[in-house]
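This report describes the secondary structure, sheets and packing of a model. The sequence and structure are shown first, and the description follows.

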Amino acid sequence: MTLYEPLPEQEKQQQASPKQQGQFQRYVTPMEDQTRQEVQQLPTVQLPVSPVPPVPPTMAHPSQQAPEIEGGNVTLYRAPNFFVLTTNRQGRRVHPLRRPTGFTTNLPKTMPQQGERIASSATHLLPQIAPINPINKGRLTIPLWLETFVVVVGMTISLVAHAFNMFNFPRYELDEGTYMSNAWAILQGLITPYPYGYGHPPLGWMQIAAWVQLSGGFFTFGNAINSGRVLMLFYALGCSLLVYLIVRLLSASRTAGLLALIIFSLSPLSITYQRQVLLDNIGTFWLLLAMYLLVVGNSRLLYIVGAAVSFGIALLSKEIFLLFLPVMIYAIWLHTTKFQRKFALVAFTYIVGAIGSSFILLAVLKGELFPYSWHLPGDTRQHLSLIDTLIGQTQRTQTGGSLATSWHVWVSGDAVLVACSIVTIAFNAVVGWWKRQQLMLALFSLSFWLLLIRGGIVLPFYFIPLIALTAINTAMAVNTIMSWIAKLLRFDVVRVVLVLVVIGAVIPYDLANSSIDFTQHPTSAQQQAIVWIHQHVPHNAFIVINSYLYMDLREPGGTGVGPGATYPLAHVYFNVATDPDLHDKILNGNWDRIDYIVADSEMLNDIEHLGGPFSIIETAREHSVTRAVFSANDQDSKLVITIYQVQHKIAQSTV
Amino acid sequence: MTIFIAFLELLYLVIIFVMTAQAIFNIRLILFTWETPEHAWLNHAPTVYRDPCLSVTIMLPARHEEDVYRETIQKVYDLNYPKELMQILAICSDDDPGTIAEAQAKIDELGDPNVQLVIYDSKPKTSKPRGLNYALQVARGDVVTIFDAEDEPHPDILNIINTTMLDEGVDVVQSGVQLMNYNTKWFCFLNVLEYFFWFKSSLHFFARIGMTPLGGNTVFVRRELMEQLGGWDENCLTEDADLGIRLCLSHARLRIIYDDEFVTREETPHTLQQFIKQRTRWNQGFIQIFFKWEWLKLEKLSQRLLACYVLILPEVQAFFVLMIPVSLFMLFFVKLPVWLAMLTFMPLYCFVLAIFIEIAGLHEFLRVHKHKWRWREVLILMLAFFPYQFVLGLGAIRAVFRSIKGTSNWEKTAHIGQHRKAVA
């Protein structure tokens, strides 16, 4: 029935394919004596139709009809509803439907230009899907249980180092109290307890709020900040695991991963700062997760979307992580195949942008994008604004904290880590000429250093993201150097041993430098102050406090409240000064309405030197007597907390 | 009253979530091919051809195609394949003497008895599937395929199909169809890209699930299978999609190939009116298939869900288009809580992502077809995105309207060969 003589190869082929033997029963076409209505019903014929009894054609099959020749045309077949025409040439067989035309030639064994086609196909049009950095498997085989065991031991060391003494050292900072009280505000349906000024995006303390809900309230671990510090412990553990995994994937060396884990977990700077409830710790976790997803995804789009979401969360936890965006985009470029690169870049950049822009959307929807001072039409209510805050932040000078002061703190904490963080940038940038992943890592660190040296405000805890990045960079650099040595000796085990030696050197160095992390108790002074307030201060008193006391005085169950009534008029000094509602309405600008001031030395310093609206607290302090002083050793200095009671001019003291 | 408002708010939220889910799923379909590096091979055509073995019957249904038909027959006849293994069937109805004359003249010129003309009577009505069913009765190739009158198949396409069918033992091969005149009208960019993503990416996802509405041409089906299925559904306006579902029902093995080099080139409808008419016909065909309920016989739930999604998608999208003014109203005149107001922006974010992916697609399209990248065109694409959705919605609403009224005549799309000029 076909138009050609079947070739022997083809017969073989047809026999080889089982479906043609079994599945297809030759279906006899219903012929044209059947009415069109029947033909129209055909599509609903159910499958499979075997066995189909052959329908005896009552009209001649196309192959049996005699052709009608008229001039240049020949009608091959005629049926009630249609007919088939073709051309008629002298000397040619006119019935191609029945038998071969007679012009059939032997088929060529290869197609014309087959050789050229093969040659050209190797050089173009094949999809380019080799990843730029295929993840190479380590050459030494170690069973998975052993690797898991070693990592678990490393993580346990990290856990102990971070957890031991974490409620006592370092002392509770202003920021920690702020974020805890913000988390509390989230649970109350607000963004911050005081009017929200767009200083940081709220997702960081939303995560704390979720943790508080999960862990059963603010005071499961003592005071509110302790609860936050437990969450930070989990973030720190997550980070150490991610650091291990990232380095293990990038360097294909487990020992290098272990080195990174140890540097990251045991550095004195890490132990100090990662205990504190800081948005940087949260953001670092999400940044590392994004990097890990990118590296492990091996150019799969779903992982890149995951990395984008993760990086977006990092942005919304701490806006400063935006400066990693260019390097992240470079990392995406590096880790995707050419085939997917365009779509991966678009998806990543857009998703990050979309998640990040939701912060601006929040301001727009609340009508707080543009400053009130611009007096835009329809903007009648006095409010804080995103743009105002942004301008304020870019204009902040180094009075709050300078690079030099922070540098001093870092160097006295862990000089080797600080040195590594600079040296390895240079080293990895050079090696990056041959191995692009190391260039990428160097760029990660470099972009953060650029922020630190830009000349704006720099606080010591700004170093947090650099701890992880430096650990990764250092481990990669050490592994590179050691593999050179091993290559010289032509024995890869040498590399492993040498990296293990470095780990052996890092641990005692770190532990020797971080002894105060495990021994000092600066928070005891702060906890004593809370207890004193609980015992001595009436509940209707207006107390000016630092933010770390806020939750424990305001929320039922707090350590300063216990089962009794809360202190609804305990307010953070910064907001007492700057919030018009507090300063102008509740206090009516009158220092005499303040009853107590609980201040540490930084707070006193702020009150004295910031001036302006802060003078109301300063005046109140000048009219007060010292009721109690608590002090404790804090690193090289002493933490002193003083409780002042304001001596009222008028007898009626409370608001 | 407050309960009523709360209910409305909840309903609005549910619609927002459905819109977002649909938009994300749509983006997933569009990007399916680029999800993993291995997917690159899905579209890769064989580079080394086997000896031609399978004979092919090429059907060329045409109606009022005097301008382009002659050229089309010549192009198909010129395909790189032994002439003995090709049967070309030009299909016309007898009320279209112009096209018949063109075809006859061409057949006479070629002088090859394997080039044949099928003329069927125009009563009770002319329809493409009817012509195809008649042609199937005289088709003698191992494989049957359809090209539309304005198509420009790649010269090597038959070798590729021959190799693929023999190597992979598949019953059906759908090769890529690509609109080429991407910059003639404002809606062309998005229409071209729609084809680009549909054939290059979405169809692979459909094939993986096992529910593939095929394209109208460059589909190669083993003739025996075609006859077993009983040909095309003559009452369906989109007999191609219907055939796809029936092929899936019959567990035919299916292969999708979209190699940019070997796509069949087509043109977009040349006016907006034509475009809406074409969409109306497609959507109406989908509605017909939906109410045939054959898709319910698909085995797996995922297949049935996907079939349902594909068939009613145009109407759902039309509904979403209608939601745009509603959401604008809600944004400006209804004071929603801030978190709810932020959630209502999710579909918009997804739409904008879709625009950027379209731009990336345009870049890819221009690169593989060696056209120049122009920022002006990107701007037109961006501006055209929402009007285009609106036009699609219009097509869907029109289809629903016509379905209810019971009008089911074939609104034919005219062809003037824009893609040929564009390529030349």
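Which strands of chain A does helix α25 lie across, and at about what angle does it run to β6(A)? Helix α25 (residues 601-610) of chain A lies across β4, β6 (596-600) and β8 (637-646) of chain A, and its direction makes about 110° with that of β6(A). This answer, like every other value below, refers to a predicted model.

## The two chains

The table sets out the composition of the chains, with the contact share referring to residues 24 or more positions apart among contacts with a separation of 6 or more.

| Property | Chain A | Chain B |
|---|---|---|
| Secondary structure | 26 helices, eight strands | 14 helices, nine strands |
| Buried residues | 52% of 655 residues | 64% of 424 residues |
| Contact share, 24 or more positions apart | 71% | 83% |
| Accessible surface | about 29200 Å² | about 15600 Å² |
| Carbon and sulfur part of surface | 63% | 66% |

## Confidence in chain A

Chain A has a mean pLDDT of 82, and 81% of its residues reach 70 or more. Two stretches should be read with this in mind. Residues 1-59 of chain A stay under 50 in pLDDT, and the model gives this stretch 95 contacts beyond four places in sequence. The pLDDT is also below 50 over residues 94-110 of chain A, a stretch that has 38 contacts in the model beyond near neighbours in sequence.

## The sheet with strands from both chains

Strands of chain A and chain B come together in an open sheet of ten strands with mixed pairing. The order is β1(A)-β2(A)-β3(A)-β3(B)-β2(B)-β1(B)-β4(B)-β7(B)-β5(B)-β8(B), so that β3(A) stands next to β3(B) where the chains meet. At the edges are β1 (68-70) of chain A and β8 (254-257) of chain B, each of which pairs on one side only. From one strand to the next, the twist averages 25°.

The chain A part of this sheet can be followed residue by residue. Strand β2 (residues 73-78) of chain A pairs with β1(A) in the antiparallel sense over three bridges. Within this pairing, Glu70(A) has Asn73(A) of β2(A) as its bridge partner, and Glu68(A) stands opposite Thr75(A). On to β3(A), strand β2(A) is joined by five bridges, again in an antiparallel arrangement, and Val74(A) stands opposite Thr86(A) there. Three residues lie between β2(A) and β3(A), which form a hairpin. Five of the six residues of β2(A) are buried, and the strand is thus mostly covered.

Two helices of chain B lie across strands from both chains. Helix α3 (residues 97-110) of chain B lies across β2 and β3 (82-87) of chain A together with β2 (86-93) and β3 (115-120) of chain B, running at about 160° to β3(B). Helix α4 (residues 128-138) of chain B also lies across β2 and β3 of chain A, and on the chain B side across β1 (56-61), β2, β3 and β4 (143-146); its angle to β2(B) is about 140°.

## The sheet within chain A

A second open sheet consists of five strands of chain A in the order β5-β4-β6-β8-β7, with mixed pairing. Its edge strands, β5 (570-572) and β7 (624-634) of chain A, each pair on one side only. The twist here averages 20° from one strand to the next. Strand β4 (residues 543-545) of chain A runs parallel to β5(A), to which three bridges join it. One of the paired positions is Ile543(A), whose bridge partner in β5(A) is Ala570(A). Helix α25(A), with which this description began, lies across β4, β6 and β8 of this chain.

## Helix α19 of chain A

Helix α19 (residues 492-513) of chain A has 22 residues. The distance from its first C-alpha to its last is 33 Å, close to the 32 Å expected at 1.5 Å a residue. Which residues of this helix are buried? They are Val494(A), Arg495(A), Val496(A), Val499(A), Ile503(A), Val506(A) and Asp510(A). The buried residues of α19(A) pack against four helices of chain A, namely α9 (254-266), α10 (268-274), α16 (403-431) and α18 (464-489).

Methods
Residues are numbered from 1 along each chain as its sequence is written. Chains are lettered from A and ligands numbered from 1 in the order in which they are written. This is a predicted model: local features need pLDDT of at least 70, side-chain atom pairs count only at pLDDT 80 or more; totals for chains, interfaces and linings use all residues. Side-chain values use heavy atoms; hydrogens and water are left out. Buried means under 20% relative accessible area, exposed over 50%, partly exposed in between (1.4 Å probe, protein chains only). Contact means heavy atoms within 4.5 Å. Accessible areas come from the Shrake-Rupley method with a 1.4 Å probe; for residues, only the protein chains shown count as cover. Two strands pair if DSSP finds at least two bridges between them. Axes are lines fitted to C-alpha atoms, for helices over the stretch in contact, and angles run from 0 to 180 degrees between N-to-C directions. The expected span of a helix is 1.5 Å times one less than its number of residues. pLDDT is the predictor's confidence in each residue, from 0 to 100.
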